[in-house]
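Trainee: I am new to this one. Please show it to me, and then I will ask how each label is earned.

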Amino acid sequence: MKVPVKVDGRELTLSNLDKVLYPDYGFTKAEVIDYYSRIAPVLLPHLRGRP
C-alpha cells in the first residue's frame, strides 16, 4: 500500500511501510520513519552546518 504524505510543503509517497528493515529487532520501515520524525527536533540542530 502507498501512503501519500506532505512534508515541508512537498508531497511524498511512502510505500512498503510494513517491510522489516532491522530483522534482528523486528523494526519496520514505518517504525523507523516514526522514530526519526519524533527525534528530528532534537537531532537536526546538532547536524546543522555538517556535510
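**Labels and their cut-offs**

Mentor: Start with Asp 8, which is exposed at a relative accessible area of 78%. The model is predicted, so local features need pLDDT of at least 70 and side-chain atom pairs pLDDT 80 or more, while totals for chains, interfaces and linings use all residues. Residues are numbered from 1 along each chain as its sequence is written, and side-chain values use heavy atoms, without hydrogens and water.

Trainee: Why is Asp 8 called exposed?

Mentor: Exposed means over 50% relative accessible area, buried means under 20%, and partly exposed is in between (1.4 Å probe, protein chains only). Asp 8 has 78%, so it is exposed. Asn 16 has 45%, so it is partly exposed.

Trainee: What is unusual to look at in the phi of Asp 8?

Mentor: Phi of Asp 8 is positive, about 50 degrees, although the residue is not a glycine. Asp 8 sits in the loop between β1 and β2. Asn 16, also not a glycine, has a positive phi near 55 degrees and belongs to the loop between β2 and β3 (20–22).

Trainee: What makes β1 and β2 a pair?

Mentor: Two strands pair if DSSP finds at least two bridges between them; strands are DSSP runs of E with at least two residues, and helices are runs of H or I with at least four, numbered from the N terminus. Six bridges join β1 to β2 (residues 10–15), and the strands run antiparallel, so the condition is met. In one of the bridges, Pro 4 is partnered by Thr 13 of β2.

Trainee: How do you know whether β1 lies in the open or is covered?

Mentor: Strand β1 (residues 2–7) has six residues and the number buried is zero, so β1 lies largely in the open. Across the protein chain, buried residues make up 6% of the 51 residues.

Trainee: What pattern does the protein chain follow along the sequence?

Mentor: The pattern is β-β-β-β-α, from four strands and one helix.

Trainee: Why is the protein chain called more spread out than a compact globule?

Mentor: The radius of gyration is taken over C-alpha atoms, and the globule rule is 2.2 Å times the number of residues to the power 0.38. For 51 residues the rule gives 10 Å; the protein chain has 13 Å, well over that, so it is more spread out than a compact globule.
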